[in-house]
Amino acid sequence: SNPNNTVDTALLKICELLEANITYYNWVGFYFKNGDKNELKLGPYVGEPTDHTIIPFGKGICGQVAVSNENFVVPDVAAQDNYIACSITVKAEIVIPIFVNGENMGQIDIDSNTADPFTTEDERFLEFVCEKVSGML
Ligand code: SME
């Protein structure tokens with residue numbers, strides 16, 4: 001991505017640190033609510049470029065989290081019918097929402113090339129990361 005402000009630079013750094021330090025985090029990125037539209041817009045990320053820079057609310061794992069306000073852990077993406085494939089190498093995905101003053105403003109999205117890698121420890125850790133990100137927004 002092409003960060004153009006301080007927050008995006010920090011978010012990109014978070015993506016880089018997570019991807020570099022956790023072997024089964026292979027694509028790490030942020031999506032945010034796009035203004036007042038019912039869609040997500042891709043923010044900073046590391047990993048393979050994706051065509052899915054805009055995701056309507058409700059579509060795919062990310063779009064579902066935009067409306068559910070809940071973590072979504074997908075151990076096997078092939079078993080999901082409402083899933084947007086970005087890369088054929090991806091086997092699992094985790095999406096954790098980011099709340100600002102109680103409002104769901106975006107999410108961290110992580111793809112793994114390993115099957116069923118995500119534990120409750122990943123959820124607690126990524127919730128912590130998302131709380132820190134919330135404080136930066
Ligand atoms: N797989 C996601 C789309 C985003 S890519 O993983 C980067 C989804 O189903 O929402």
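By class, the shell around the ligand in this predicted model comprises 8 nonpolar, 1 polar and 3 charged residues (Ala, Val, Leu, Ile, Met, Phe, Trp, Tyr, Cys and Pro count as nonpolar, Asp, Glu, Lys and Arg as charged, and the others, Gly among them, as polar). Its members, each with a heavy atom within 4 Å of the ligand, include Trp27, Tyr31, Gly60, Cys62, Tyr83 and Glu93. Strand E1 (27-33), helix H2 (60-68) and strand E6 (103-112) each put in at least two shell residues, and H2 has the largest share with 3; these elements are DSSP runs numbered from the N terminus, at least four residues for a helix (H or I) and at least two for a strand (E).

Now for the ligand's oxygen atoms. A backbone N or O atom of Ile61 sits 2.9 Å from one, while a side-chain N or O atom of Asp111 also comes to 2.9 Å from a ligand oxygen. For Asp109, the distance from a polar side-chain atom to a ligand oxygen is 3.3 Å. The cut-off for such polar contacts is a pair of N or O atoms within 3.5 Å.

Local features here need pLDDT of at least 70 and side-chain atom pairs 80 or more, whereas totals for chains, interfaces and linings use all residues. Residues are numbered from 1 along each chain as its sequence is written, and side-chain values use heavy atoms, with hydrogens and water left out.

Definitions and conventions:
A polar contact is a pair of N or O atoms within 3.5 Å; within protein, one must be able to donate a hydrogen and the other to accept it, and residues adjacent in sequence count only if both atoms are side-chain atoms.
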